[in-house]
Amino acid sequence: MTEAQQHSGKAYGVDSEVGALRTVMLHRPGNELRRLTPRNNDKLLFDGIPWVGRAQDEHDAFAQALRDRDVEVLYLGELLTESLADPAARAQAVAGATEDLRLGDTLRDYLQASLGELDPAGLAEALMAGVRNDEVRAGGLVTSLLAHEDFLIDPLPNLLFTRDSSVWIRDSVAVTSLAMPARMRETQLTELIYTFHPRFAGADKVYDHQLEHVEGGDVLALGPGVLAVGVGERTTPAGVERLARRVFSKDLAHTVLAVPIAQQRATMHLDTVCTMVDTDAVLMYPNMAEEMRALAVTTDGDQLHIAEPEPFLVAAAKALGIDTLRRIDTGLDPVTAEREQWDDGNNTLALAPRVCIAYERTVETNARLEESGIEVIRISGSELGSGRGGPRCMSCPVLRAPATA
Ligand SMILES: NC(=O)NCCC[C@H](N)C(=O)O
């Protein structure tokens, strides 16, 4: 535990987007990225085939930039390996990874036995990088009929985007429910970590991966008690309703803003178009900023109350109890704005009020942020960006200090 946590007395808890970041969970990309080929990259939600060594270098620099600002960096792969020291975790992991009906009984039995023999690091590797048909000597009808390159356990290259597979809401963790088939198994791993890792022993869970779809990239903690939840390609209307009920029942929020966003890849999550950079300021994709609406959801302890749609910034300011939520106006022309949004220019990770990490390639957006008084720490992401995610997508804050202006 870091010094900061010893002082605060707790190891997890997040109630804003911008409170000083103390602890974050990342995933250093590994062999799961080496599974990407031109034939499977679309299905696996990558826009190209990353150069893995360079992606790791870029990711190491990202982690170092965080450490340089006194942020403790946890790695998902290490937490998973440590969790798998527990026999109950191993049993749950093996059962989850082999439940796919494509396997059939013979292959499933074989895989369960061989995964069961692996040490925790080997098992974690198989869970993350997957297992190909030509990597086993199973025997039987199914393995004979499947192609060599078919996966018996799918690789999880999008583990890189730790934002989506869990999100802390105050001191409860939401293990999310991912919408795309290529990502669904990721939450089996975050579920294992939050259930079995000693660091999170006793942590309350407010959501689980068997519920309606909610992805962490859609969930923004605008301030204490106020969540904004994007509803679009990933998080469903039923997902935001379920999340609202859950957080209200545990008193983790008083208002949930449901924010419809276009159901398309460029705007797959709310954090691809909008991130907070100060206690009262957001960076928003200019081409969508004017039209974004929100429905404020509150409760009387029993029923949900749904307000009429209002402009997002108006609804957010009301919920936060402030006069105005400032939009940093990047003033970009529509074409530059669209290019830089695609390159995750709007996907900044706040380290503290007015300090954020951004990709260096979104030159114009970063310049406008600085003109508005926001410090921008630039990282390179030419390879990391091929998965279509930026610094916020690649990070799951575990502990933030309370936000103070
Ligand atoms: N929060 C985010 O926007 N995460 C980026 C996820 C990218 C990933 N390739 C996906 O399509 O899910």
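Author: Before we look at the ligand in this predicted model, note how residues are classed: Ala, Val, Leu, Ile, Met, Phe, Trp, Tyr, Cys and Pro count as nonpolar, Asp, Glu, Lys and Arg as charged, and the others, Gly among them, as polar.

Reader: With those classes in hand, how many residues of each class does the shell around the ligand have?

Author: The shell around the ligand holds five nonpolar, six polar and five charged residues. Of the 16 residues there, the ones that come nearest are Leu45, Gly217, His269, Gly389 and Cys393.

Reader: Which domains does the domain assignment give for the protein?

Author: The assignment gives domain 1, made of 3–77 + 157–400, and domain 2, made of 80–153. Their C-alpha centres are 31 Å apart, and the contact between them draws 13 residues from domain 1 and 16 residues from domain 2.

Reader: Which elements give two or more residues to the side of domain 1 that touches domain 2?

Author: Those elements are α3 (76–83) and α9 (186–196), with α9 supplying the largest share, five residues. By class, that side of domain 1 has six nonpolar, five polar and two charged residues.

Reader: How should I read a helix such as α3, and which of its residues are buried?

Author: The general idea is that an α-helix has 3.6 residues a turn, so residues three or four places apart point the same way. In this case α3 is mostly covered, with six of its eight residues buried, namely Leu76, Gly77, Leu79, Leu80, Thr81 and Ser83.

Reader: What do the buried residues of α3 pack against?

Author: They pack against the strands β1 (21–26) and β2 (72–75), and against the helices α4 (87–97), α6 (120–129), α8 (162–165) and α9.

Key. Residues are numbered from 1 along each chain as its sequence is written. This is a predicted model: local features need pLDDT of at least 70, side-chain atom pairs count only at pLDDT 80 or more; totals for chains, interfaces and linings use all residues. A residue is near a molecule or strand if its C-beta atom, placed from the backbone, lies within 6 Å of it. Domain bounds come from an automatic or database domain assignment. Two residues are in contact if their C-beta atoms, placed from the backbone, lie within 7 Å. Helices (H or I, at least four residues) and strands (E, at least two) are DSSP runs, numbered from the N terminus. A residue is buried if 20 or more other C-beta atoms lie within 10 Å of its own, exposed if 12 or fewer, and partly exposed in between; C-beta atoms are placed from the backbone.
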